[in-house]
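I opened a fresh page for this one. Below are my notes, in the order I looked things up.

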Amino acid sequence: MDSISRHLTPPSQRLSLKTMAVKSVQLGQVWREEASGTSFLVTKVYNEVFSQYAMLRPADVSAPTAETRRIKISKTDQGLLLPGYVFTQDSNQEF
């Protein structure tokens, strides 16, 4: 039996965990950018007409001088997502 066939969860299903939605985006949550792997802290969540936005700041030493990012929160049937970002509590799980 090779190492690939020993996994209980096929790789395609493990990758789908990264896109899990949350019930709410809240201040103090840490999200990781999928492209760079950089962690960002949610510093503000606000509504603008029919959309909701999160302000993100890098969660590292340069945070006080770094520019913030404004990300539109996506609503799905499963919950809320920040496109291009992974909620860190979900992304650290290994199966």
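**Entry 1: surface and overall make-up**

I began with the surface: the protein exposes about 6700 Å², and 53% of that comes from carbon and sulfur atoms. These areas come from the Shrake-Rupley method with a 1.4 Å probe, and for residues only the protein chains shown count as cover.

A note to myself on the source: this is a predicted model, in which local features need pLDDT of at least 70 and side-chain atom pairs count only at pLDDT 80 or more, while totals for chains, interfaces and linings use all residues. Residues are numbered from 1 along each chain as its sequence is written, and side-chain values use heavy atoms, with hydrogens and water left out.

Next I listed the elements, and I found two helices and seven strands. Both are DSSP runs numbered from the N terminus (helices are H or I, at least four residues; strands are E, at least two). Along the sequence I read the pattern α-β-β-β-β-β-β-β-α.

I also looked up burial: 31% of the 95 residues are buried. Buried means under 20% relative accessible area, exposed means over 50%, and partly exposed lies in between (1.4 Å probe, protein chains only).

**Entry 2: the sheet**

In what order do the strands of the open sheet lie? I read 4-3-2-1-7 for its five strands, with antiparallel pairing. Strand 4 (69-72) and strand 7 (85-87) are the edges; each has a single partner strand, so one side of each is left without a neighbour in the sheet. From one strand to the next, the twist averages 40 degrees. For such angles, axes are lines fitted to C-alpha atoms (for helices over the stretch in contact), and values run from 0 to 180 degrees between N-to-C directions.

I then followed one pairing: strand 1 (residues 30-33) and strand 7 run antiparallel and are joined by three bridges. Two strands count as paired if DSSP finds at least two bridges between them. Glu33 has Tyr85 in strand 7 as its bridge partner.

**Entry 3: salt bridges**

How many salt bridges are there? I count two, taking a side-chain nitrogen of Lys or Arg within 4 Å of a carboxyl oxygen of Asp or Glu.

One joins Arg69 to Glu33, with the closest N and O atoms 2.9 Å apart. This pair links distant parts of the chain, since Arg69 is in strand 4 and Glu33 in strand 1, 36 residues apart. I checked burial too: Arg69 is partly exposed at 32% relative accessible area, whereas Glu33 counts as buried at 16%.

Glu48 and Arg70 form a salt bridge as well (2.9 Å, N to O). Here Glu48 sits in strand 2 (residues 39-48) and Arg70 in strand 4, 22 residues apart. Glu48 is partly exposed at 37%, and Arg70 is partly exposed at 43%.

**Entry 4: the core and two residues**

The largest nonpolar core has 13 residues, and Val25, Trp31, Ala54, Leu56, Leu82 and Tyr85 touch the most other members. Such a core is a set of buried Ala, Val, Leu, Ile, Met, Phe, Trp, Tyr and Cys residues joined through side-chain atoms within 4.5 Å. Strand 2, strand 3 and strand 7 each supply at least two of its residues.

I looked up Tyr85 again: leaving aside neighbours within four places in sequence, its contacts include Trp31, Glu33, Leu56 and Arg69. Contact means heavy atoms within 4.5 Å.

Last came Gln52, in strand 3 (residues 51-58). Is Gln52 buried or exposed? I found Gln52 buried, at 18% relative accessible area. Beyond four places in sequence, Gln52 touches residues including Val45, Tyr46, Ile71 and Leu80.
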